[in-house]
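Biologist: I would like a close look at one part of this model, the part of the protein that faces the DNA. Please take it slowly, as for someone in a first course.

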Amino acid sequence: MAKEKMLLIDGNSLAFRGFYALYRQLDKFISPDGLHTNAIYSFKNMLDAILKQVQPDYCLVAFDAGKTTFRTRMYQDYKGGRQKTPSELLEQIPVIQELLTDLGIKQYQLNDYEADDIVGTMSLMAEEAGMEVTIYTGDRDLTQLASDSTTVLITKNGVGETEAYTPEHMMEEYGVTPTQFIDVKALMGDNSDNYPGVTKVGPKTASRLIAKYGSLEGVYDHLDDMKASKLKENLQNDRDKAELGKKLATIERHSPVELAIPDLKLGTGDPVKLRRLYERLGMKSFLAGLATGGEDDQVKVNYGYIELTEKNLADFKPAGESDFYLEMLGENYHLADFVGFAIKTNGQIYVSKDVALLTEAPLVDFLTGDLVKNVFDIKRTYVGLHRLGVTPQNFAYDMLLASYLINNENNSDDLGEIAHLYDNYQVKTDLEVYGKGKKMAVPEDEVLFNHLAGKVSVIGELKQQLLAKLKEHEQDALFDEIEQPLAFVLAKMEIIGMKVVPGSLVQLQSEFSAKLTQLEDSIYQAAGERFNLNSPKQLGQILFEKLHLPVIKKTKTGYSTSVEVLDQLKNASPIVNMILEYRQISKIQSTYVKGLLDTIQTDGRIHSRYLQTQTATGRLSSVDPNLQNIPTRTDEGKQIRKAFVASEKDGYIFSCDYSQVELRVLAHVSGDENMQEAFKTGYDIHAHTAMRIFHLKSPEEVTPLQRRHAKAVNFGIVYGISDYGLSKNLGITRKQAKEFITSYFDQYPQIKTYMDKAVKVAREKGYAETIMHRRRYLPDINAKNFNVRSFAERTAINSPIQGSAADIIKIAMINLEKELEKRQLKSKLVLQVHDELILDVPKEELETIKKLVPEVMQNAVKLDVPLIADIGYGHTWYDAK
DNA sequence: CTCCTCACG
DNA sequence: ACGTACGTGAGGAGA
């Protein structure tokens, strides 16, 4: 029989974490009677996640009882100097306790003891009863309880993520056992608990001493053997402090709790009380969860829909602004099965499973006629209808695009999830209705029709609210003139797809196969054994344990074997180069040769999908397959491009890419005169930068190395540079990198000003913005954690640049599509790769396209510096350079 | 389902 | 003193 599971939760620590996780939204989380609820909300979400992960049989949430404990009697300043718990959090603790009781989860506190001691006592009890114990907390102190049967989960930045502390993990991380961790703390002290430890001893020294001598007592037993040093002196002088620290840090595992294990059995809770509590707190999302949870509790919304069939088609009477929703099961709408559709028009909802009806007169008229239709996901709907042979007209509002522009922190494309963000809980998520993976299926008619009816009505119900938000954000033009028109352009690109000749891929496949077999043999020979070359774990063992190559970098789970590492080991063993070559070819073989062959559809073409509401910056992404990362940097990789050919036998693949678009955007938004000057005069920008930062007189004096360095600095600037990052990229010292950067800002002073301002504005507003008012929210910009905050700061610098470049090419795409239509050209836009457009061009249109495309791209927007686009063309994508 | 690795701009 | 480049998607391994 499997071991029974006990889950122990440090309630105070979690409430505290939850409170600060949503601290920024403190004012948004207020119940109707004025109580703050942010910590309650987070707590419940973390609790749900952990219950789902652990699936315990028993559970206890422990809380601190009060300020005075046996530790404060031992040392009156224990936890002294701590800021008072804010009253906004304090008021939520009793409610959390009430919530737990209503959920059927035991909660407990004990006078004179901290939550830690309750957890320590119960975990020992559970271990002795032969249970598997999980402890959940935000506090590292509890790691001392880890053992073979007890895992300590520590919350990581954000909600939901945890790091698991087992004895092995602690040994790796700190080099000591869980119980030795107490002694380490005793030596180093604890700032937040306000006890000092030994002078000048920090985590490093403390762990080293304990690892060497086994325990605090061990350290002092061997004090005499130590060489005279400052450290020895400090250890001697602060012995009292260290011994006190040990007492304070030790969790009491025999506290007088009045609990027995059966008391902690997970209950079923009280749905009636829960409902009342959620209503009191105004927590709509939890109420909605309750409704879908309990059978009898089910709140049935009756939409009063009419099921459309062949027979009652004449009763379909559309009028006025209408809403339309087409359902397909699965993400890939080029292939997905049709499920049904729903229409709301003239105050009436119609639903049907019979999509063939959409090709009959009244519905075709509705879809292709003058009536304005609101939809969710124009592109998906357009492609779906196109498969049925219908080309819709007058789709005027896309709820998915609107929600993406308003706030793309949540990049969900589920209608239900998005509705929930706007406090509308009447419609469920697709996950709830259809399930996922193998279990995904269409439910019985009544459930399905209710879901479709709910979806179609939410589109219209939330429209004004979302439009108001767009207006408030000054995003009307971005929505009306860029994203919505672009959706149609992308739909057409996807429908056309790209012609691929399988023969050339098959040819490559056998060439690469032979090469891979050869390399495998040589590698196994050099290694002295066969192993799975594709397994980083096995490869690591061979390289670093068997062949004893120096370990350069470790990952969370073992040795790193990435290119970066292998490059440095090239001279250490001949096996390394063979592995690098194997890796490179194997990647091309699996992802591009085999992978692409699998995605060619029956028409001999590849129809990728562009995700328009995916990225944080406003770029597109491409999936199933990703055509935005087809190899180009190596000769072997490039061969893949030979398989992509023009539709017509003598036609061309035509490519046109922006030159340095991100740097030009930077020159524009920063207003830097020196950089603008360089672009206006048409210099090679990297050579120009080299000339300036290395103080040369003319671009002719720039050496290739200097140009390479300058280029890396230019890239670095766009990413929010650091001297470390630059030094690593160029393989130079940090000091040199720093000098480059200083010199750069010296030469381009307004770029420095721009970077500082970008961060400052993001801090004030909470988001960064592109030239077209596309937003990226940066909640971490004021984080206390240096790393988290620094990341947000670099993002604040990079997003407006990358995002504005995305805005620009999107405008170019829309304008180009318009021109192609206006001139009735047969050339088709088939791909977009961030700064590059690719067209499928009939032979006779080549000369027109050569002039038209760069012209449209260069004039997409007017910046303070010129935009330049370069062209290339050939009979295959490989030749379009 | 997560991690590592690597392809692109 | 902190430990770092920005944005993506896919395949294979191993739990």
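Which helices and strands each supply at least two residues of the surface near DNA strand C?

Modeller: This is a predicted model, so every statement below describes a prediction. The elements that each supply at least two residues of the surface near DNA strand C are α24 (536-546), α26, β18 (621-623), α31, α32 and α35 (786-822). Of these, α35 gives the most, with seven residues.

In total, 37 residues surround DNA strand C. The closest are N532, S535, S621, Y724 and R776. By class, the surface near DNA strand C divides into 10 nonpolar, 19 polar and eight charged residues. On the DNA side, 64% of the atoms of strand C within 4 Å of the protein belong to sugar or phosphate, and the rest belong to bases.

Some individual atom pairs show both kinds of contact. N532, already listed among the closest residues, has an N or O atom in its side chain 2.8 Å from a phosphate oxygen of DNA strand C. A616 uses its backbone instead: a polar backbone atom of A616 is 2.8 Å from a phosphate oxygen of DNA strand C. R734 reaches a base, with an N or O atom in its side chain 3.2 Å from a base oxygen of DNA strand C.

Two of the elements named above, α31 and α32, also meet each other. Helix α31 covers residues 704-719 and helix α32 covers residues 723-730. Their axes come within 10 Å and cross at roughly 140°. The two helices are therefore oblique to each other, and α31 passes α32 in a right-handed crossing. On the α31 side, R708, H709, A712 and V713 take part in the contact, and they meet L726, N729 and L730 in α32. Sorted by class, this contact has four nonpolar, two polar and one charged residues.

Strand β18, another of the elements at DNA strand C, is followed by a loop that runs to α27 (635-638). P625 is found in that loop. The peptide bond joining D624 and P625 is cis, with omega at about -5°.

The other DNA strand, B, can be described in the same way. Here 23 residues surround the strand, and the closest are T561, K587, T632, R633 and D835. Sugar and phosphate account for 80% of the atoms of DNA strand B that come within 4 Å of the protein. The surface near DNA strand B has five nonpolar, 11 polar and seven charged residues. Its largest share, four residues, comes from helix α26 (residues 574-597). Helix α26 is also one of the elements that supply at least two residues of the surface near DNA strand C.

For DNA strand B, too, there are single atom pairs to look at. A polar side-chain atom of R583 lies 2.9 Å from a phosphate oxygen of the strand. N629 has a polar side-chain atom 2.9 Å from a base nitrogen of DNA strand B. Q802 also has a polar side-chain atom facing a base nitrogen of DNA strand B, at 3.5 Å.

Methods. Residues are numbered from 1 along each chain as its sequence is written. Chains are lettered from A and ligands numbered from 1 in the order in which they are written. This is a predicted model: local features need pLDDT of at least 70, side-chain atom pairs count only at pLDDT 80 or more; totals for chains, interfaces and linings use all residues. Side-chain values use heavy atoms; hydrogens and water are left out. Axes are lines fitted to C-alpha atoms, for helices over the stretch in contact, and angles run from 0 to 180 degrees between N-to-C directions. Angles under 35 degrees count as roughly parallel, over 145 as roughly antiparallel, 65 to 115 as roughly perpendicular and the rest as oblique. A crossing is left-handed if the near helix is turned anticlockwise from the far one by less than a right angle, and right-handed if clockwise. Contact means heavy atoms within 4.5 Å. Ala, Val, Leu, Ile, Met, Phe, Trp, Tyr, Cys and Pro count as nonpolar, Asp, Glu, Lys and Arg as charged, and the others, Gly among them, as polar. A residue is near a molecule or strand if one of its heavy atoms lies within 4 Å of it. A polar contact is a pair of N or O atoms within 3.5 Å; within protein, one must be able to donate a hydrogen and the other to accept it, and residues adjacent in sequence count only if both atoms are side-chain atoms.
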